[in-house]
Amino acid sequence: MQNSLELLGAWRSTIVDDAEPYLWTDEEAYRYADSAYRMFVRLIGGIHDFTSSVTLIPVVAGEALATVDRSILRFDSAHRVSDGRDISILNWTDRNTMRKDDYGFSKNLYTDATPGEVRYMVVGNQTGIVKWVQVPVADDEVQLQVYRLPLARITDGTHQLDEVDEDHHIHLIEWMNHLAFLKRDSECYDKGMSDDAANRFRAYCAQCKAEADRYRSKVHVTHYGGI
């Protein structure tokens, strides 16, 4: 399946709702498809991205806060475009570890508004917002590597499913079934079938996540001494 229209057709065939009048409208079906597409990505840990527009963040002199795309699930790395220097990514809950003693006493960098070279990007305090530490003294850009959700929503049959490998597309039908069988209609509602479909989908996603984690892990060679 290459696009959402083909996914819709496959789903209707599977759920045996391929003749009008439909039990589920196209509008409902595309909502289920969008949820399935995004839930798959969420459960496998996100799409790794370092090339799209959401990975390039403006740094504005004097501005401690910057807006980042809300599709980002996790930050992997960050560096300044101007000189390639890495910026440390720190969780907001660990902000108290950012200390310096340049003047003979401990000072919390997170609360220090002194302008300086950006050393940290603090994440996790508010969705869609990061904090630069220290407050930047010059305009720049930060290049991110992130794990994110799909950038576009499925609303009709024109959506390309190219952010998820085609091998996985058929399994999106399980989550669509899960949602479809929760429709409050006597001909549609079936909690047992909904739960079964959700469990199969989650099991498949867990398998895919394990495969993705192995793919991202560097192979370590173990050297054994002679006997």
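This is a short tour of a predicted model, with a suggestion at each stop for what to select next.

**Stop 1: the open sheet**

Start by showing strands S3, S10, S9 and S5, which make up an open sheet of four strands in the order S3-S10-S9-S5 with mixed pairing. Which strands stand at the edges? Select 65-67 for S3 and 88-91 for S5: each of these has a single partner strand, so one side of each is left without a neighbour in the sheet. Looking across the sheet, you will find that the twist averages 30° from one strand to the next.

Now zoom in on S3 and residues 129-133, which form strand S10. The two run antiparallel and are joined by three bridges. To line them up in your viewer, pick Thr67, which stands opposite Ile129 in S10.

**Stop 2: salt bridges**

Next, turn on the charged side chains. How many salt bridges are there? The count comes to 13, and three of them are visited here.

Select Lys183 and Glu28 to begin with. Their closest N and O atoms are 3.1 Å apart, and the two form a salt bridge. Lys183 lies in the loop between helix H3 (172-180) and helix H4 (191-216), while Glu28 belongs to helix H2 (residues 26-43), so the pair ties together parts that are 155 residues apart in sequence. Is Glu28 buried or exposed? With a relative accessible area of 14%, Glu28 is buried.

Move on to Glu117 and Arg85, whose side chains meet in a salt bridge at 2.9 Å, N to O. This pair also links distant parts of the chain, 32 residues apart: Glu117 is in the loop between strand S8 (115-116) and strand S9 (120-126), and Arg85 is in the loop between strand S4 (72-80) and S5. Colour the two by accessibility and you will see Glu117 as partly exposed at 39%, with Arg85 partly exposed at 46%.

The third pair is Arg148 with Glu163, a salt bridge whose closest N and O atoms are 2.5 Å apart. Arg148 sits in strand S12 (residues 140-148) and Glu163 in the loop between S12 and H3, 15 residues apart. Here the two ends differ in accessibility: Arg148 is buried at 4%, whereas Glu163 is partly exposed at 26%. Before leaving the charges, select Arg80, Asp83, Arg85 and Glu117 together, since salt bridges that share partners join these four into one network.

**Stop 3: Thr55 and its surroundings**

Centre the view on Thr55, in the loop between strand S1 (47-49) and strand S2 (56-59). This threonine is buried, with a relative accessible area of 1%. What does the side chain of Thr55 meet? It makes a polar contact with the side chain of Gln143 at 2.9 Å. A polar atom of the Thr55 side chain also lies 2.8 Å from the backbone oxygen of Ser52. For the wider setting, leave aside neighbours within four places in sequence and show the residues in contact with Thr55: Asp49, Phe50, Val142, Gln143, Leu144 and Val146.

**Stop 4: the cysteines**

Finish by selecting the cysteine sulfurs. The structure holds zero disulfides. Why is Cys208 without such a bond? Its sulfur is 6.2 Å from the closest cysteine sulfur, in Cys205, too far for a bond. Cys208 is buried at 6% relative accessible area, and Cys188 is buried at 2%.

Notes. Residues are numbered from 1 along each chain as its sequence is written. This is a predicted model: local features need pLDDT of at least 70, side-chain atom pairs count only at pLDDT 80 or more; totals for chains, interfaces and linings use all residues. Side-chain values use heavy atoms; hydrogens and water are left out. Two strands pair if DSSP finds at least two bridges between them. Axes are lines fitted to C-alpha atoms, for helices over the stretch in contact, and angles run from 0 to 180 degrees between N-to-C directions. Buried means under 20% relative accessible area, exposed over 50%, partly exposed in between (1.4 Å probe, protein chains only). A polar contact is a pair of N or O atoms within 3.5 Å; within protein, one must be able to donate a hydrogen and the other to accept it, and residues adjacent in sequence count only if both atoms are side-chain atoms. Contact means heavy atoms within 4.5 Å. A disulfide is a pair of cysteine sulfur atoms within 2.5 Å.
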